[in-house]
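Q: I have a model in front of me and would like to learn how to read it. Where should a beginner start?

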Amino acid sequence: MLDDVTTLEGVPKIAWEYRLGNRCALEWILDQYKEKKPKDPTIAEKFNTYRFADYKEQVIDLLQRVCTVSVETMQIIQQIEL
């Protein structure tokens, strides 16, 4: 689930297997673009201006592209291992 109205569906299982270091590339993107609430109330009030909704279309496009690259890379890796 990306937000309250958008759900991530149809991602091939193999796409989740592609890793950048120890993290799945898709998980990394989801983590980087999620809204985070600062613990300090002053910082949260004055400087927390990021809203996922403002970037949702770009994030969905990025996820689609990374998913394609992840699947293709994993297919190449599987062919090499044969």
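A: Start with the overall form, and keep in mind that this is a predicted model. A compact globule of 82 residues would have a radius of gyration near 12 Å, whereas the protein has 16 Å.

Q: What does the C-alpha trace span along its principal axes?

A: The spans are about 55 × 25 × 15 Å.

Q: How many of the residues count as buried?

A: Buried means under 20% relative accessible area. By that cut-off, 24% of the 82 residues of the protein are buried.

Q: Which helices and strands should I look for, and in what order do they run?

A: There are 3 helices and 2 strands in the protein. Reading from the N terminus, the order of the elements is β-β-α-α-α.

Q: What can be said about contacts between residues far apart in sequence?

A: Take the contacts in the protein between residues at least 6 apart in sequence: 57% of them join residues at least 24 apart.

Q: How do I describe two helices that pack together?

A: Two numbers are used in general: the angle between the two axes and the distance between them. Here, helix H1 (residues 25–33) packs with helix H3 (residues 56–81) at an angle of about 165°, and their axes are 9 Å apart.

Q: Are H1 and H3 roughly parallel or roughly antiparallel?

A: Angles over 145 degrees count as roughly antiparallel, so H1 and H3 are roughly antiparallel to each other. As for handedness, the crossing of H1 past H3 is right-handed.

Q: Which residues make the contact?

A: From H1 come Ala25, Leu26, Ile29, Leu30 and Tyr33, and from H3 come Val59, Leu62, Leu63, Val66, Cys67 and Ser70. Sorted by type, the residues of this contact are 10 nonpolar, 1 polar and no charged.

Q: How do I read a single residue, such as leucine 8?

A: Ask where the residue sits, how exposed it is and what it touches. Leucine 8 is in the segment before S1. Its relative accessibility is 30%, so leucine 8 counts as partly exposed. Beyond its neighbours within four places in sequence, leucine 8 is in contact with Met1, Trp16, Leu30 and Leu63. Among these, Leu30 of H1 and Leu63 of H3 also take part in the contact between the two helices.

Q: How does distance along the chain differ from distance in space for leucine 8 and leucine 62?

A: One is a count of residues and the other is a length. Leucine 8 and leucine 62 are 54 residues apart along the chain, and their C-alpha atoms are separated by 13 Å.

Q: Is methionine 1 buried or exposed?

A: Exposed means over 50% relative accessible area. Methionine 1 has 65%, and is therefore exposed. Methionine 1 also lies in the segment before S1. Not counting residues up to four places away in sequence, methionine 1 touches Thr6, Thr7 and Leu8. From methionine 1 to leucine 62, the separation is 61 residues in sequence and 15 Å in space, C-alpha to C-alpha.

Q: What does proline 12 touch?

A: Leaving out residues up to four places away in sequence, proline 12 touches Cys67 and Val71. Proline 12 is found in the segment before strand S1 (19–20). With 33% relative accessibility, proline 12 counts as partly exposed.

Q: Where does lysine 36 lie?

A: Lysine 36 is in the loop between H1 and helix H2 (41–47). Its relative accessible area is 43%, so lysine 36 is partly exposed. Apart from residues up to four places away in sequence, lysine 36 touches Asp31 and Asn48. Lysine 36 and tyrosine 50 are 14 residues apart in sequence and 8.6 Å apart in space, C-alpha to C-alpha.

Note on methods: Residues are numbered from 1 along each chain as its sequence is written. This is a predicted model: local features need pLDDT of at least 70, side-chain atom pairs count only at pLDDT 80 or more; totals for chains, interfaces and linings use all residues. Side-chain values use heavy atoms; hydrogens and water are left out. Axes are lines fitted to C-alpha atoms, for helices over the stretch in contact, and angles run from 0 to 180 degrees between N-to-C directions. Helices (H or I, at least four residues) and strands (E, at least two) are DSSP runs, numbered from the N terminus. Angles under 35 degrees count as roughly parallel, over 145 as roughly antiparallel, 65 to 115 as roughly perpendicular and the rest as oblique. A crossing is left-handed if the near helix is turned anticlockwise from the far one by less than a right angle, and right-handed if clockwise. Contact means heavy atoms within 4.5 Å. Ala, Val, Leu, Ile, Met, Phe, Trp, Tyr, Cys and Pro count as nonpolar, Asp, Glu, Lys and Arg as charged, and the others, Gly among them, as polar. The radius of gyration is taken over C-alpha atoms; the globule rule is 2.2 Å times the number of residues to the power 0.38. Buried means under 20% relative accessible area, exposed over 50%, partly exposed in between (1.4 Å probe, protein chains only).
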